[in-house]
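Q: Please take a close look at the loops here. Explain step by step what is found in them, in words a beginner can follow.

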Amino acid sequence: MEDHQKRLWVGWKRNHKKQSSNVCLYDPSGQWIGNLSREGKIVPDSTVTFNIDVYCIYEDKEHNIWLGTKDNGLYLLRHERDNSYRITHHLSDKNNPYSISSNSIYSILQDSTGRIWIGTFGGGLNLVEHLPENAGPRFIHSGNVLNNYPIHVCEKVRCLYEADNGVILIGTTGGLLSCSSDFARPEAIRFYHNVCEERYSSLSNNDVLNIIQTHNGKLLVITLSGGINLLDDSSRLSEKLAFKHYNATNGQVPDLSLSAIEDSEGNLWIASENKLSKLDADMNLLEEYNDQIQMAETKPVLCSSGKLIFGSEFGALCVTPKDLYKSDFVPPIVFSHLDIYLNNTSRRQEVFNSTEIQSLKADERNFTITFAALDYVNSPAIKYAYRIQGLNDQWIELGNSHSASLVNIPAGDYLFQVKSTNGDGVWVDNVTSLPIHIEPTFFETIWAILLYIVIGIAVLLIVIYIVIRITNLQRRVDFEQQLSNLKLRFFTDISHELRTPLTLIASPIDEVISNEKLSDAGVENMQVAKRNTDRMLRLINQILDFRKIQNDKMKVMVEQLDVIPLIMKIYENFTSMAHKRHIEFQLHCNLNSFVMYTDVDKLEKILFNLLSNAFKYTSNEKRIILSVTGEKDHLYLQVKDEGRGINAQKINQLFTRFETLDEADPNLSTGIGLSLVKELLNLLHGTIKVDSKLGEGSTFSVRLPGNYETFSADSNVEFILNDSENSELQRENDGNLMEDEDKETRILIIEDNEELRHFICNVLSKDYVVFEAENGKQGLDKALAEMPDIVISDIMMPEMDGIEFLKRVKANSNICHIPVILLSAKSSLSDQIQGLEYGADEYITKPFSSTYLKAKVDSLLKQRQMLYDYYTSKIKREKITNLTDQIESATPQVTHFDDDFIRNILQSVEENIHNPDFKIDDLAEAMGMSRTVFYRKMKSLMGVSPVDFMKSMRIKRAVQLLEQDQYTVSEVGYMSGFATPQYFSKVFKETMNCTPKEYS
């Protein structure tokens, strides 16, 4: 530190040689004046020591000297006479909250207002408060009234600095703090904290070593291993300060910069570990000075003489900037040799003349070039840079290395250029070049390139040919598909036109055969006409089936049945043809019964087409065998004939639509039958296999699944329900059907056929709570006990049939509101009319689709919802006096019992609406019902519980009274039947979304 007398104060720390710490004074010329003794005197005796590590020295405006030490507190030196000072020692005292917060002081500052700031290493920031009457200073810190100071992260202060706008900057190990010097009370000071963050413009490191400000206002913050942070913003009171970074990455200053100072010419001097860097005012590097002296973290000093004083491990380093200069010597550069590497071996190629071309073989792509600048003054300080013209024109710095390693250099001619600094580190113009030639491999020659072009063109032509070929094939496939669709559409249109004439032909033929007396020849002719008419009808139906399959409109109607009688019936249809043609037609079937799930119509068409195909291609007096076997849930059919057989190469085309396998007689085959068999088997999840030999015959093997699971996941399948006694429908546990708390709608199933009843339960139990009854008597008892929402009942049942059950339900006022669906095998119009006349809501004939049944149930539930919506809408519009006169034609129909029931409820509620003690039990008693029956009937008929209904009626009455604007809110609540105004307000707000007071 330089005092007002231009004397230099230097503090020495203890070092490894056990040298005592000391404080020395030097005059402006640099001559030693003496050492500071413990008594405060400057003694010209080198043996006198202060014997305390002084870390900072500061002179205030009153020329007092402040000494900050490590672990020994604060010393204040007041000048008494020449070379004599009165020393006051301040130490941290736990018993005195206003003593200094720590005994390690690293920085001292007096701001523009005269306040003294002390930065301690462990106790944070201290503000010196002078007391009158020589009572000694008090130290304000976080331990007493400096409450806003972030002591938990900024307890270690390294440096203090006041910027030109009066902002105090505090450098700590926990980041940079800033505060204003303009404050009335210390406890009102606000500190702004900036730390290293993910934000790029934040502080480069939290450990701040030094802070200075240049004469042009730039603020430099030096951090540990973070280089220099430049703050060019005039606003320093922010926690989001934006810094510009200068470090080794951008080549300006070392990362481990320790301190900085501005000289009298405006240049910046940066001290790092063992180097001094000189930068101009725009932070451009001018010069660097390397030495073996290790620099210290001490704050440098600019003397009035213009000299710079830096602290080092070996004493104070004095730098006179105007006397420093660097050599302009230009050292020549010479190339020594090339080290060439190949397959873990190397060879050396000497360079005798830098103008001589260095030729390398095609496989010598990795090599190192060694060179040197001939400057013997300070050779280790010389730096090099190189570039390769023809490959990369950018200069690449090598530092002090005098060799460059090149890897995977392409073949070609290059010019390797290198330049260097001189011994003083000054870059000079000494660029030296070395020509290099690397021979190409064959694949890098012009002939290889031409070969690549030829191959590329050939590949391109092949790709073009393949694309054109694929495009033509695609066009052909599309054309054939369109042609097939046109054929099918044509046949479909023709088929629709032919069905009516064929019907007019077939019906008279049947009438003639049945009712007219004909000769044997006439009967034979009629039979021929009938067979050909039936064949034409089958062909027309097959074409129509194809059209449905093609348009995804073919539904699979699955039912459970015994297929053996069906197979026997089809077999019998072909026996007369076999007898006529003397064909031995055999049925091999060891099954008396085989129950499975399948589509009867499609199974019949599959077997009929296979047998027709066998008879078509089997000559007279040959044999055809139909084999039927069953295994678990699969049915196996096999049709074996002794016909002409099929060429093995054409078997794959056998199931192609309109494929006749080049038959000589086009009338023999239309190419439709087997294709239809394949499509139908796909719908039934079945398979077909063909074995055939020319001249020996063919065998068609069909495998069909028959279990419920196969079809249940198919969206194209509908299940047909019937009264089959042998059905083995999957059943779920009855208790599971009866106990489902999450389902509100309750359905009663009355059916004497156990299997059909369980199947309907399985279908409906996924969405509803289901109850079962075996006959009408049990069903009536369950209807009265459970109060279901819908009843599904069979008609033909023991003890009590469905019609009698329906009559009793509609005559009972407790259950007359329940919709009833009748199921019956009687499909005549008179039977349906009878069921509807007795009050049935729907009449469904057997067999029926499960999807259709669920749709009817859903439709009835929606009608009940419409009924509830109708009544509630009437209640909202006006007070109901005569409901039956107001029901419109579009409203769901209700019985007179239901109408009376609703009218009586409304009348009872109206009469007692002002009575808060009127409960649900009173309302049920007025209706002549038990609480449970009343609750279920009202819930089923109107869709709301009695409690919610009464609450809704009371709120509507309250709304009417509020709109009259004649009563207070409390009076309206009591008149509407609410026990307390508070409960009335709560219910009103829940219903109307506002309080009664807000509504009125």
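A: Helices (H or I, at least four residues) and strands (E, at least two) are DSSP runs, numbered from the N terminus. With that in hand, a loop can be placed by naming the elements on either side. The model is predicted, with a mean pLDDT of 82 over the chain, and 86% of its residues reach 70 or more.

Start with His-685, which is found in the loop between helix H5 (673–683) and strand S42 (687–693). His-685 is not a glycine, yet its phi is positive, about 60 degrees. His-685 counts as partly exposed because its relative accessible area is 34%, and partly exposed covers what is neither under 20% nor over 50%.

Asn-343 is another non-glycine residue with a positive phi, here about 50 degrees. Its loop runs between strand S28 (333–342) and strand S29 (345–350). Asn-343 has a relative accessibility of 68%, so it counts as exposed.

A positive phi also turns up in a hairpin. Strands S5 (residues 54–59) and S6 (residues 65–69) pair in the antiparallel sense, over 5 bridges. One of the bridge partners can be named: Glu-59 is matched by Ile-65 in S6. Between the two strands of this hairpin there are 5 residues, and His-63 in the turn has a positive phi of about 65 degrees.

Loops can also hold charged side chains that meet. Asp-282 and Lys-218 form a salt bridge, their closest N and O atoms lying 4.0 Å apart. This pair links distant parts of the chain, since 64 residues separate the two. Asp-282 sits in the loop between strand S23 (275–279) and strand S24 (285–290), and Lys-218 in the loop between strand S17 (208–213) and strand S18 (219–223). What is the exposure of each partner, buried or exposed? Asp-282 is exposed, because its relative accessible area is 53% and the cut-off for exposed is over 50%. Lys-218, at 14% relative accessibility, counts as buried, because buried means under 20%.

The wider search of the whole structure finds 25 salt bridges. One of them joins Asp-339 and Arg-348, with the closest N and O atoms 2.9 Å apart. Asp-339 has a relative accessible area of 14% and is therefore buried. Elsewhere, salt bridges that share partners join Glu-80, Arg-81 and Arg-86 into one network. Within that network, the side chains of Glu-80 and Arg-81 meet at 3.9 Å, N to O. Glu-80 is partly exposed at 44% relative accessibility, and Arg-81 is also partly exposed, at 48%.

Last comes the matter of confidence. Among the elements of the chain, strand S10 (residues 116–120) has the highest mean pLDDT, 96, and helix H13 (residues 883–886) the lowest, 34. The pLDDT is below 50 over residues 724–742, a stretch with 36 contacts beyond near neighbours in sequence. Over residues 875–895 the pLDDT is likewise below 50, and there are 35 such contacts in the model. Where pLDDT is low, the predicted coordinates should not be read in detail.

Methods: Residues are numbered from 1 along each chain as its sequence is written. This is a predicted model: local features need pLDDT of at least 70, side-chain atom pairs count only at pLDDT 80 or more; totals for chains, interfaces and linings use all residues. Side-chain values use heavy atoms; hydrogens and water are left out. Two strands pair if DSSP finds at least two bridges between them. pLDDT is the predictor's confidence in each residue, from 0 to 100. Contact means heavy atoms within 4.5 Å. Buried means under 20% relative accessible area, exposed over 50%, partly exposed in between (1.4 Å probe, protein chains only).
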